[in-house]
Amino acid sequence: VDGAALRAQRSQQQVGALVCAPLVNRPQQQQHGGFAEHTSTNTITVNAAADLQITKTQSGNVSKATNTPFTYNLAYRNAGPSPIPSGTTVTITDQLPDGINITSISAPSGWTCPSGAITGPATITCTRDGLAVSSTNANIVISATTTTATGRQINIASITSPAAESNNANNTSTIYTDVYAPGTGTLADLALTKSDSVVGYG
């Protein structure tokens with residue numbers, strides 16, 4: 001249409017439906033006797049992004065003797081403002097290093113995780129359909145044990161989905177475990193015994 005102008009207002013904080021109404025110029029409107037026949041409306045939906053987050057921790061001290069049982073905790077959530085919709089897969093992967101074996105995995109309802117023992121190095125993958133917005137973390141608990149392999153074992157966990165995200169920097173969490181042979185590690189088992197004797201003089 002000759003002289004058409006598109007008017008729409010949007011900010012980064014605004015989501016939902018935007019209404020765009022192209023209008024013809026005033027002289028042409030006056031010639032045809034009104035505005036209604038020269039306007040049209042188009043609705044555009046603008047969706048906000050999700051924000052998946054994950055933090056990995058382990059029980060006990062970072063340094064552990066060989067053949068020591070412990071647990072990993074994967075705390076995750078979708079901080080929003082938008083949910084991950086149904087039909088979109090959310091995936092948590094955990095890069096299990098050499099020197100760490102998994103004995104079991106406990107996950108909230110809706111998650112599908114491997115069952116049974118897993119020997120590192122290996123990649124653990126848990127998936128679910130969609131993820132609602134939450135202000136608190138949920139947890140996947142991994143029961144593990146150190147093996148006879150010693151040294152620093154680096155472990156990386158991540159959470160991803162195909163949905164748009166506002167912040168990818170918090171999608172990965174890295175933790176390390178120092179495995180040592182008993183009696184040689186940083187956590188020494190020291191003991192001290194003090195005795196006293198009485199000497200008589202006479």
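What is the torsion about the S-S bond of C113 and C126, and is the disulfide right-handed or left-handed? The torsion is about 125 degrees, so this disulfide is right-handed. Please keep in mind as you read that the model is predicted.

**The disulfide**

The structure holds one disulfide. C113 and C126 are its two partners, with an S to S distance of 2.1 Å. The pair links distant parts of the chain, 13 residues apart: C113 sits in the loop between β7 (100–106) and β8 (118–119), while C126 belongs to strand β9 (residues 122–131). The two cysteines also have their own surroundings to consider. C113 has 23% relative accessibility and therefore counts as partly exposed, since the buried class is kept for values under 20%. C126, at 3% relative accessibility, counts as buried.

**The mixed sheet**

Strand β9, the home of C126, takes part in an open sheet of five strands. The order is β4-β12-β11-β6-β9, and the pairing is mixed. β4 (63–65) and β9 stand at the edges with a single partner strand each, so one side of each has no neighbour in the sheet. From one strand to the next, the twist averages 20 degrees.

Inside this sheet, strand β6 (residues 84–96) pairs with β11 in the antiparallel sense, over five bridges. If you would like a spot to look at in the structure, try T93, whose bridge partner in β11 is S158.

**The antiparallel sheet**

Another open sheet is also built from five strands, in the order β3-β5-β10-β7-β8, and here the pairing is antiparallel. Its edges are β3 and β8; each has a single partner strand, so one side of each is left without a neighbour in the sheet. β3 runs antiparallel to strand β5 (residues 69–78), and seven bridges join them. Q58 stands opposite Y72 in β5.

**Salt bridges**

How many salt bridges does the structure have? The count comes to two, and here they are with their N to O distances and locations.

| Salt bridge | Distance (N to O) | Where the residues lie | Separation in sequence |
|---|---|---|---|
| K56 with D94 | 2.6 Å | strand β3 (residues 52–58) and strand β6 | 38 residues |
| D178 with R152 | 2.8 Å | strand β12 (residues 172–180) and strand β11 | 26 residues |

The salt bridge of K56 and D94 links distant parts of the chain, with K56 in β3 and D94 in β6. β3 is a strand of the antiparallel sheet, and β6 is a strand of the mixed one. Are K56 and D94 buried or exposed? Both residues are buried.

For the salt bridge between the side chains of D178 and R152, D178 lies in β12 and R152 in β11, so the pair ties together parts that are 26 residues apart in sequence. Both of these strands appear in the mixed sheet, where β12 and β11 stand side by side in the order.

**A nonpolar patch**

Now to the surface. Which residues make the nonpolar surface patch of about 240 Å²? They are I154, I156 and Y176. I156 has its place in strand β11 (residues 151–160), the strand that also holds R152 and S158. With a relative accessible area of 35%, I156 is partly exposed, because that class lies between the buried limit of 20% and the exposed limit of 50%.

Conventions. Residues numbered from 1 in each chain as written. Predicted model: local features only at pLDDT ≥ 70, side-chain atom pairs only at ≥ 80, totals over all residues. Heavy atoms only, no water. Patch = residues over 30% accessible without salt bridge, like charges linked within 9 Å, V, L, I, M, F, W, Y side chains within 5 Å. Areas by Shrake-Rupley, 256 points an atom, 1.4 Å probe, with all protein chains shown as cover. Salt bridge = Lys/Arg side-chain N within 4 Å of Asp/Glu carboxyl O. Helix = DSSP H or I, 4+ residues; strand = E, 2+ residues; numbered from the N terminus. Buried < 20%, exposed > 50% of the residue type's maximum accessible area, 1.4 Å probe, protein only. Disulfide = S-S within 2.5 Å. Pairing = 2+ DSSP bridges. Axes fitted to C-alpha atoms, helices over the stretch in contact; angles between N-to-C directions.
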